[in-house]
Amino acid sequence: MLLSSRRSVRSLRSGLALAGLGALVLASSGTMTTTQTASKRLPVPTTSYQVPFTCAQEWTGGTRSRHSPSRLAVDFNRSNDLGKAVVAAAAGRVVTADQRSKRGYGKHVVLDHGNGESTVYAHLRNVFVAAGSSVDQGTLIGAVGSTGNSTGAHLHFEQKVGRDVVPVHFARLPYPNGAVASGNCVDVPMAANLVGEGAAEVAVFRRTARSDFLVHQPDGQAPTALHFGTGTDEPLLGDWDGDGLAEPGVWNPRGRMFKLSGAAATQLRFGARGDRPVVGDWDGDGRDDLGVFRPRFATFHLRMPSGVVESVRLGDVDDLPVTGDWNGDGRTDVGVFDRTLLTYTLRHVDPAGVPVVSTVPFGLPGDLPVTGDWDGNGTTDLGTWTPASAVFTLGQGTLDNAAARTVATVQFGTPR
């Protein structure tokens with residue numbers, strides 16, 4: 001472990017300050033890590049990683065010559081760091097979510113980022129994700145601890161290319177050890193009817209210390225900001241009181257607690273470790289209800305107003321859940337988005353009570369799913385948000401396996 005007091009330098013290292021929400025601020029009096037070892041030249045990761053902590057938090061990290069299993073692994077500390085949030089440095093798939101080990105890494109998470117690249121988050125106190133599931137950058141995955149072969153609370157962090165632990169890079173720049181302010185301040189795409197004109201507006205949830213729901217406004221007007229929740233919450237938009245307007249809500253992965261804003265403000269504990277929250281009017285009464293998608297069983301658990309929970313199995317462990325009224329019958333249906341195959345799989349129930357499942361191709365590699373009633377006709381449409389460009393692509397899809405067609409694009413949010 002590396003004690004916070006080992007580095008107190010706060011001067012900026014020349015050339016390593018980046019502007020904007022994705023900014024990375026580094027300070028060090030040490031020598032920049034190289035990609036050269038005595039035995040071989042190590043590859044530089046192509047993934048654009050961010051610091052694995054909440055937006056704007058400052059942490060101090062460093063390597064050690066006899067660090068196990070690699071001298072290139074970084075130990076991070078700050079004052080009173082036990083239990084502090086650890087978030088995904090980049091989007092990826094959870095290949096390991098060990099919450100029992102008492103040796104080595106202890107409780108730890110490993111994320112696969114594609115192209116043979118991965119990250120390791122070790123000695124955790126808690127693990128909040130499930131193996132096999134997909135997580136976005138900035139998602140809460142664990143809490144700082146001192147489990148396994150550790151003598152004090154800290155985060156042991158590795159970046160790997162293949163089997164090799166490589167020198168850590170943030171925002172594609174070598175990390176020189178020392179103080180670092182997290183630039184892990186990403187936007188999460190969303191959509192709902194927030195204005196009351198019938199159609200859905202696009203929005204983003206900004207994962208900052210003071211998190212905000214930012215709602216897109218037409219004609220170049222400044223976005224409307226709705227403050228609710230924290231940067232490590234999972235965001236929700238729903239019509240909690242049946243007035244026809246959606247309002248913010250969040251789900252806290254630590255306590256599995258839903259918190260809703262507005263006139264119908266409430267708190268409700270529901271779900272399990274590794275779940276993803278979902279919202280919809282399951283019974284057609286005009287008010288949105290709560291639910292979760294459980295990746296490890298690829299199952300939706302939909303909570304009715306009476307407290308009865310209905311389960312629907314759909315998709316695979318690494319799919320992302322979506323909801324919407326696919327057939328316009330006034331009840332919200334479920335679906336999943338496969339980021340590998342770039343397809344929506346949508347389920348609805350026909351008038352005879354028979355479940356119908358359809359597959360609709362849509363999106364580009366790296367896109368995140370977004371659904372909403374873009375034209376206000378009572379039927380939910382499909383869409384995506386491209387993180388690299390912050391562009392929403394709004395489409396219309398049918399339930400007969402036809403490809404969705406693009407009807408509009410909207411640039412909104414901060415590119416990653």
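## Strands, cores and salt bridges

Strands S24 and S25 (residues 289–294) run antiparallel to each other, paired over 5 bridges. This is a predicted model, so treat what follows as a read-out of that prediction. Beyond that strand pair, here's a quick tour of the sheet it sits in, two nonpolar cores, and three of the 7 salt bridges counted.

**The four-stranded sheet**

- S24 and S25 belong to an open sheet of 4 strands, in the order S24-S25-S26-S27, with antiparallel pairing.
- At the edges you'll find S24 (276–280) and S27 (309–313), each of which pairs on one side only.
- On average, neighbouring strands in this sheet are turned by 25° against each other, ignoring direction.
- If you want a landmark for the S24–S25 pairing, look at Val-279, which stands opposite Leu-290 in S25.

**Nonpolar cores**

- The largest nonpolar core is made of 28 residues, and Phe-76, Val-109 and Tyr-121 have the most contacts inside it.
- Six strands each supply at least two residues of this core: S3 (74–77), S5 (92–98), S6 (108–114), S8 (124–127), S10 (140–144) and S11 (155–161).
- Leaving aside residues up to four places away in sequence, Val-109 touches a whole crowd, including Val-94, Thr-96, Tyr-121, Leu-124 and Ile-141.
- There's also a second, separate core of 15 residues, with Val-204, Val-370, Trp-374 and Val-410 among them.

**Salt bridges**

- Asp-112 pairs up with Arg-93, their closest N and O atoms being 3.8 Å apart.
- Since Asp-112 is in S6 and Arg-93 is in S5, this pair ties together parts 19 residues apart in sequence.
- Both partners are partly exposed: Asp-112 has a relative accessible area of 28%, and Arg-93 comes in at 33%.
- Asp-136 and Arg-416 meet through their side chains at 2.7 Å, N to O.
- That second pair links distant parts of the chain, 280 residues apart: Asp-136 is in the loop between S9 (134–135) and S10, while Arg-416 is in the segment after S35 (405–411).
- Asp-136 counts as buried because its relative accessible area is 12%, under the 20% cut-off; Arg-416 is partly exposed at 33%.
- Asp-187 forms a salt bridge with Arg-206, with 2.7 Å between the closest N and O atoms.
- Here S16 (residues 187–192) holds Asp-187 and S17 (residues 201–206) holds Arg-206, so the bridge ties together parts that are 19 residues apart in sequence.
- In this pair, Asp-187 and Arg-206 are both buried.

Note on methods. Residues are numbered from 1 along each chain as its sequence is written. This is a predicted model: local features need pLDDT of at least 70, side-chain atom pairs count only at pLDDT 80 or more; totals for chains, interfaces and linings use all residues. Side-chain values use heavy atoms; hydrogens and water are left out. Two strands pair if DSSP finds at least two bridges between them. Axes are lines fitted to C-alpha atoms, for helices over the stretch in contact, and angles run from 0 to 180 degrees between N-to-C directions. A nonpolar core is a set of buried Ala, Val, Leu, Ile, Met, Phe, Trp, Tyr and Cys residues joined through side-chain atoms within 4.5 Å. Buried means under 20% relative accessible area, exposed over 50%, partly exposed in between (1.4 Å probe, protein chains only). Contact means heavy atoms within 4.5 Å. A salt bridge is a side-chain nitrogen of Lys or Arg within 4 Å of a carboxyl oxygen of Asp or Glu.
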